[in-house]
Each structure stands twice: as C-alpha cells, then as structure tokens.
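I set out to record the ring pairs, the charges over rings and one loop residue. The entries follow the model shown here.

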Amino acid sequence: LGVFSEEYGEELKAGIFTYVDPKDIPDKAVIVLGGSYVSNDIKKRAIEFNRSSEEYRIVIKDYDSYNSYEDYNAGVTQLNNDIISGSMPDILITSGLPMQNYISKGLLADIGKLIEEDEELSQVEFVQNVFDAYSVNDKLYYLIPSFQVSTMVGKVSMLGDRTSWTMEDMMQLESTLPEGTVMFGEMTRDNFIRTMMEYCAGDFVDVETGKCDFDSQNFIAMMEYAKTLPEEFGEDYYGEDYWANYQSQYRENRTIVCNAYIGRISEFNRTLNGMFGEDISYVGFPTESGMGSYVQADRSYAISARSGNIEGAWEFMRYYLTDEYQSSDNLRWTLPIRKDYFMKNAEEAMQKPYWTDEDGNKQEYDDTYYINGEEIPLSPMTREQLDKLLNFIFSIDKCYYNDEDIMTIINEEMPSFFTGQKSAQDVAKVIQSRAQIYVNEK
C-alpha cells in the first residue's frame, strides 16, 4: 500500500501495488528524456505517455542532479560526456544547454521535417516567423509549444510611428528632450550593456557562420552611450514619492522608452492603455540591424539525430503542438505557437475581463491601473490597436540569443573604457578578439 501524489499540490492518493513477474511485462523501447531542469509538467506528461503507449517508455534523466555549489555546470559536462560516449538522450529539454554547439555538430533532428511528415500537424498553421527566427540554415531544430515577445515601446507622439531605430536616431531624439526627461528609466551603465546584449547579441555573433562583430561602429556607439549613464543610483533616488513618480513617468513624458514583455496579449493592455495611455510605437532596442525586438520560446525541446527511436520521440513530443495542449491552461500566460489558438488569445484583448460564477455565467468587470494613487479604468484594446500589435509580432525575425561566457568577456573588458584607461575602439578590439577565439573553440 502506498500514498502518493502525481504532481506537486495535488491531493494525496492511496494505491495498492501488485507484484507482476517481469516476464509477463511486454517489452517497450526506452526513450531517454534529459535536461538540466525537468518540470513537474513534463514528468506528469511522461507518466501519462507511459501508461498509454504500448511501444515506448519514457525514462527521465535529470542532469541538474550532477550540479553542485562547486560546479554549476557539472550537469552540462555530464551530458556532453554522455554524447561523446554514445549515450545521448533521445529528447533534450533545451534550457541551459549549448544548443548552437549541438546544431553545428549535426546532433539534432530537423523538427520542421517531422512536422511536414506528420499527417495531422502538417495541415496546421503555426506562427511561422517564430519558427523562422529559430531556424538555422533553413532547418528548425527546436520544438516550440509557445513563446513570448520582448521589445521596447514609447509613445508615437514622442518617437513617431516606427518599429525600429538606430543609436543615431535615439541620440538625436535625446538631444531634444527637456531637462529632467530621460530616455530609459533607472538605466545604469551595466544595465544598459546587459540589455544591449539581451536584444542585440545576435547582431554581434552570427550563429550560422560563427563570425563575431564586436569591433563594429554599432557596438562602439552603444559603448559610448553607456558611458554617459550613471554608474549607480544613490539612496536619495528612492524617496517617499518614488512609487507615484514611477507609475506616472511615461504618461507625463518624464521617461520615453520602457522594456515591454508580451505574454498574454490581453495583459499587455495594461502597458498600452495603462502606463502610456495613448498610441505606442514598438521600436525595440536601437540597433543598425533594424530589428531590436525578439521572440523567445517559453520552453523548447529537441530530438537527437542519433536516436534509434526518433518515431517514438516524436510521438511523445508532438503532443505539445496538438489541440489538447495548445488549448490548455498551461499556456495561460504565454503565446501559443499554433495560429488558431494564438488568434483566440489575441481576440480576448478586445473583450472585458470576466470571471465565471457558480452558475457558469460570465461576470464582466473593469480592468484598472493605478497612477499616483488614483484607480484608472482601462478600456479593452481597439481593433486598430490589436491589429497594429499583431502585425508587429508577425514581423519579428530574431530569437533570443544569450551566451553568458561572452557576457563575462564584455564585463571584464568594459570597465577599462568606463574609467578612461582605454578608448572604446581599443576595448572593442579586445572584446572582438576574445569573443572570436571563444566562438571558434566552441
């Protein structure tokens, strides 16, 4: 007799376990699913799959268990050792893994091809620009159930109606701002550099060719602008009126641009009609490439090209692109990759929020936003506002790219420029050299 719960937070269950002779259990092909972090959601899905499948059985290998205070990368090291020894998992949870390394070595299966060969999913329309952004050499190696969008926004009345701008554009606008007005709220030198790499790392590292471009004029211009920002904010910055000033800074044109995260589109209404209170431009981060915004997979998976059970791995993974999952509450705060469910999510932004009473009836209410202690009712998005947002989302051709080792190189070299020991050009050359050597080795 055992007492257990299948998922954290669920009620306890009691079960009677009966011994079964191993010879009476039908053989199943084992599919290993590995990653640095295995969520309860995917563990539960593995249990359901194992109960229903007569051919395959999922076995989970949690590489996070290898990590320690002495070595936070031990899990990835162990995974790489498994790959070298021929024991690569059939399915990878991609978070925290050196995916570009695996792609360049031909270790991953083409998810796009698996979708094309799937009788049901080949007929489904997806948010294609997200797949395109994550593709390498026209092949998609990531299975992406849902995504978010990150950009920078500001009032059309201040920025004009545009979806991109350069550092020159931004600095020209900043030179016209009245005293007391800032371009970015609470932006220090280090914050700007990290934000710059969050939005523009792909401009300086070509993931398909491995070519780095840190000695470009674009990167140098960003360095020089960062130097004009404060090193840090003193305690006197956070006074009694801090929160009231924070809430009203964009409406009162004291701050021009803010970071914007778009998960559930109806929630973005609080930024649009709450923080700004008028039409906004999705300008993104200023950069020469013309795309300072990006899409980011909420979570993503990959299938090993070396797997002897690619069909079984796909049978397990395709679930995340089906109606059952795409319509589930798991995607409540993120954007579904299927176009039909994405549009359903979007259309909700033009409706008032509601709750369902005990009789199953919808009870609408007004969403609100607080400014200077005053509660302001928010109208739902208009059709014009929603269409503008959707056209912007469908135009994004860049995905999130992050490499903490390159970020470490930048953080180590940048202080010599900030303190005046070296010129921006000299520091950029050093960063370029170190980064290119690192990428070549990787």
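Is Y282 buried or exposed? I found Y282 buried, with a relative accessible area of 3%; buried means under 20% relative accessible area, exposed over 50%, and partly exposed in between (1.4 Å probe, protein chains only).

I noted that this is a predicted model, in which local features need pLDDT of at least 70 and side-chain atom pairs count only at pLDDT 80 or more, while totals for chains, interfaces and linings use all residues. Residues are numbered from 1 along each chain as its sequence is written, and side-chain values use heavy atoms, leaving out hydrogens and water.

I searched the whole structure for aromatic pairs and obtained 25. Rings of Phe, Tyr and Trp (its six-membered ring) pair if their centres lie within 6.5 Å; planes under 30 degrees apart count as stacked, over 60 as edge-to-face and the rest as tilted. The F268 and Y282 ring centres are 6.1 Å apart with planes at 35 degrees, so I entered this pair as tilted. Because F268 lies in helix α11 (residues 265-276) and Y282 in strand β9 (residues 280-282), the pair ties together parts 14 residues apart in sequence. Helices (H or I, at least four residues) and strands (E, at least two) are DSSP runs, numbered from the N terminus. F268 is also buried, at 2% relative accessible area.

I then looked up D118, which sits in the loop between α4 (111-117) and α5 (128-134). D118 counts as buried, at 8% relative accessibility.
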